Amino acid sequence: MIICIILLPIIAGILVPLLPFHKRCHKEIFLEGAVILNSILVWYLLLHHSESTFLLAHFTGDLNISFRVDGMSMVFAGLVSGLWPFATLYAFEYMTKEKHENSFFLFYTMTYGVTLGIAFAANLLTMYFFYELLTLVTVPLVMHTLTREAVLASRKYLYYSLGGAAFAFIGLIMVIVYGNTTDFILGGVLDLAKIGDRTNVLLLIYVMAFMGFGVKAAVCPFNSWLPQAGVAPTPVTALLHAVAVVKSGAFAIIRLTYYSFGTEFLRGTWAQTTVMIVVMFTIVYGCSRAVKETHIKRRLAYSTISNLSYILFGAVIMTPLGLTGAITHLVFHAVMKISSFFCAGAIMHQTDKRYVHELNGLGYRMPCVFGIFTISALALMGVPGLAGFISKWNLAQAAVDSQNPLAYGGIACLLISALLTAIYMLSIVVRAFFPGKDFDDSSLQDAHDPNWKMLLPLFVFTVFIILFGIHSQSIVNFFYDVAAGVY
Amino acid sequence: MYPILLPILFPILAGLCLLVYRKDLERKLLTGITGSCLVITGALVISVLALAKKSLILFYLTETLPIYFQIDEISVIFSVLTVVVFVCAGFFAFAYMKHEQKEKRYYGFYLIAFGVLNGLCFAGNLITFYLFFELLTLSSFPLVLHTGTREAIMAGLKYLFYSLCGAYASLYGIYFLYRHCDTLTFTAGGILQASPASPDGRFLLLVAFLMILGFGVKAGMFPMHAWLPTAHPAAPAPASAALSAVIVKAGVLALIRVIYYIFGADFLRGSWVQTAWLTLALVTVFMGSMLAYREPVLKKRLAYSTVSQLSYILFGLAVMDQDAFMGGLLHVLAHGFIKGTLFLIAGAIIFTTGKTRVDELHGIGKEMPLTMWCYTIVSLGLIGIPPTGGFVSKWYLAIGGLAGDIGIFRYIGPAVLLISALLTAGYLLPLTIRGFFPGADYDYNALQKREPARLMTIPILFMTILSVLIGLFPNIITDYLTKFVSSLL
């Protein structure tokens, strides 16, 4: 079943250029059907999962490719499969203005399968395998427009990711050598007897592996690929560079920290302090750069950098509550950021405007898009009643609860970042709705809201932002159970 | 079903409808709708205060954090003030906003801010309060930048970011309070168990200071007062009136709630936080008056005056003494009515003459006698001359300051209040003097009566009368509050 789920989108993607579609709409129906079918299968699997591990291939000794459904996979796979059908729908409309549609949908759909592979991986080796694969299938998407800028961006993305994976590989080796198994077990698999007095070496390896996986999660100083990769078409930036790819990095770090090295081993060490400082710095750094940036998509990309580090901040608190906070923000941020990216994409698609200062007065021409953008902006700021408040609340409570003075500083970073978020998001909103006295909007006569294929995903995400904000108990309780290892 | 929600939701929904409706309404219809919404909301608030059940849990945000409403004496004081000022300034706006663009947007956000303020007054725990506090900032900054000049937009953004900065500083405190209290419901006398001497307690003192600074931003407390003198002159006059009379009081309400209902006065009394707070409040009182004294632009002068007068209230709160607290509450009302009136008068002057600087207003009292008489009466009130509202409140503040257990501040406090009162006379009365006694070279032949429209004068007159009434009959309020204040302290 799991193999089926992973292979279906990959095969569907490969079939796109091969099948002779007469009309564009046939292709759309085929792709949307495949993606929805796969999402239904994923949700069916999540609701009826068994504890058993599915072994695909066996190498020597412990090394094997195998899959399993546990709590973290449920969260990540559920998130990805919930977003993908909407993103595909949005992409149909968006790609009408771009070339090479077939190759785009080929890789876009394949990525779905690969991401699910990461989610369902049962051990470090399998995750590593799909992690590398993810880099390879997404490079063509970044390169899509084939401009010089895009080629450079994709090259950078490739080198950064592969380099990071190499560091992560060292971590993998160490877990193989010093652990009982490479399977993911909540609480870690390291064998203290084998480690002996080499604790510091292992901590160093942890920091290296953290930074390695952190490349995808855009941890400072390895984040410059992400804003550059914004040259890709918006469905890619929105879904991959705000959710699937970057959150695979965060997901991998959670796996590494909680399921391989184990929090018992790491908590209170210099390694925790180091990574927490890095993460706190990234939170503030990302936001500050976002304030300075005037290109809308790059601004949102910097915002993503900062928000990814919120997730990592939760993760490196290294308590069950911290993990709960991290998971909450992992899911909630995905919805908020994809919503704001889709708004940015809709603006670009409808008006070809790319810079913040061009948006004056556009709010009256595209009220739905900017209304939704405002809601996602408020959610990202953390206004109560919207999703962002709940996830920040959980992160902050975890930090307060950990009694770690550095984490107290981390909360301050979160709030500084919230203020900066207000600045870079609301300045867009204010421009759009309050263009100033005697503003002449005759140049905007042609601009209007996009059609339903773009608006439907936006509306659905907005409903979820509000729903998570006012009724979070059931889902947060589920996350708490995941963090406590119930599933 | 939930009557307590009506005065909150009705204006918010009405405002949203006005904003979302795309076509322009005819002016008469628009003002008619807005006016009836304002009156209905006012009636709803009064009837809820009088009749409805006093508390309501709406739903739970997280497992243990409800959105919770609760009405007590503090809510009554603040919501009465809100209703009076918002209805008066609203009707004033119908005349004033004639020469502004996009009136519909103004009324929309005005109604939303009204509803949000009611929510703020009724909030029964810190999270609900914080929710409405954020919403208040978000719904009132469009009022500030309404005129749409570059200056106004920058002022609006400055207000927005200062307020958010304060709100986030307070949120930092809320995170820690939740951990130490397990609940955030407002309870008279505080709910914090920790002792200030324990390690946790020492950290909580720091948290308390941070929250005082944070919420103090809205109340214009030094060092984060700078948004006030920028925002007020930029906003349309009725918006400045609402801002100065009510919206900045949200910061005062926040500090009452946090200090007296969460931390508890006993936790802070005698600590370095109290000393620091007293110092900041007194510095602000003095500095605000000084800056107002030097300021030539009328609305900006009044804005600095607000900075100073609000810190009178904060001083009253910081003393943590029954009389001082009572004085603070009285000053909330007195200053609310007085400053609301003053800003409306400034608006009326700008509307009829187009002049903004005090030194241009020679003979204004001859042109607009009724308006300037109101100005003079409320000015005397703000200075603190009996029998107006400001006298009683300052009396209580001074008595409380002298009796309070605050060391050297017992003497410094009342002295600073007196000096500031002198300065208040210095910056308010020159307009009266110039207005009524324009001097020998004034050309009486060119004089023409130009009293503003009745929609402007009636709200001004009404609030003036109210400000005198609370000076004449303060016992009604003090009797109502005495028992409740003693339960707090």
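How many Å separate the centres of domain 1 of chain B and domain 2 of chain B, taken over C-alpha atoms? The distance is 22 Å. The structure is a predicted model, and the stops below go through it selection by selection.

**Stop 1: the two domains of chain B**

Select residues 1-268 of chain B and give them one colour; the domain assignment calls this stretch domain 1. Give residues 270-489 a second colour for domain 2. Where the two colours meet, 44 residues of domain 1 are in contact with 48 residues of domain 2. On the domain 1 side, the elements that give two or more residues are α3 (73-96), α7 (199-218), α8 (227-234), α9 (237-247), α10 (249-263) and α11 (265-268) of chain B. Select α3(B) before the others: with twelve residues, α3(B) gives the most to this side. By type, the domain 1 side divides into 36 nonpolar residues, six polar and two charged.

**Stop 2: the largest nonpolar core**

Stay with both chains in view and select Leu312(A), Ile338(A), Leu120(B), Val144(B), Leu255(B) and Leu314(B). The largest nonpolar core has 397 residues, and these six touch the most other members. The element that gives the most to this core is α6(B), with 19 residues. Domain 1 (1-268) and domain 2 (270-489) of chain B both give residues to the core, so the core lies between them.

Now centre the view on Leu120(B). Leaving aside residues up to four places away in sequence, Leu120(B) touches Phe129(B), Phe132(B), Phe133(B), Leu136(B), Ala250(B) and Leu253(B).

**Stop 3: the hairpin in chain B**

Select β1(B) and β2(B). The two strands form a hairpin with five residues between them, and they pair in the antiparallel sense over five bridges. To see one of the pairings, pick Leu56(B): its bridge partner in β2(B) is Phe69(B). Strand β2 (residues 66-70) of chain B is mostly covered, with four of its five residues buried.

**Stop 4: where chain B meets chain A**

Show both chains again. The contact between them takes 28 residues from chain B and 25 residues from chain A. On the chain B side, β1 (55-60), α5 (126-144) and α6 (150-181) each give two or more residues. The most come from α6(B), which gives 14 residues. This side of chain B divides into 20 nonpolar residues, four polar and four charged.

**Stop 5: chain A as a whole**

Hide chain B. What remains, chain A, has 19 helices and two strands. The radius of gyration of chain A is 22 Å, close to the 23 Å that the globule rule gives for 487 residues, so chain A is as compact as a globular protein of that length. Turn the chain to follow its principal axes: the C-alpha trace spans about 75 × 55 × 45 Å along them. Of the 487 residues of chain A, 60% count as buried. Among contacts between residues at least 6 apart in sequence, 81% join residues at least 24 apart.

**Stop 6: Ser442(A)**

Last, select Ser442(A). Where does Ser442(A) sit among the elements of chain A? Ser442(A) is in the loop between α17 (405-433) and α18 (452-470). Is Ser442(A) buried or exposed? Ser442(A) has 5 other C-beta atoms within 10 Å, so it counts as exposed, the cut-off being 12 or fewer. Add Lys194(A) to the selection and draw a distance between the C-alpha atoms: Ser442(A) and Lys194(A) are 248 residues apart along the chain and separated by 73 Å.

Notes
Residues are numbered from 1 along each chain as its sequence is written. Chains are lettered from A and ligands numbered from 1 in the order in which they are written. This is a predicted model: local features need pLDDT of at least 70, side-chain atom pairs count only at pLDDT 80 or more; totals for chains, interfaces and linings use all residues. Two residues are in contact if their C-beta atoms, placed from the backbone, lie within 7 Å. Ala, Val, Leu, Ile, Met, Phe, Trp, Tyr, Cys and Pro count as nonpolar, Asp, Glu, Lys and Arg as charged, and the others, Gly among them, as polar. The radius of gyration is taken over C-alpha atoms; the globule rule is 2.2 Å times the number of residues to the power 0.38. A residue is buried if 20 or more other C-beta atoms lie within 10 Å of its own, exposed if 12 or fewer, and partly exposed in between; C-beta atoms are placed from the backbone. Two strands pair if DSSP finds at least two bridges between them. Domain bounds come from an automatic or database domain assignment. A nonpolar core is a set of buried Ala, Val, Leu, Ile, Met, Phe, Trp, Tyr and Cys residues joined through C-beta atoms within 7 Å.
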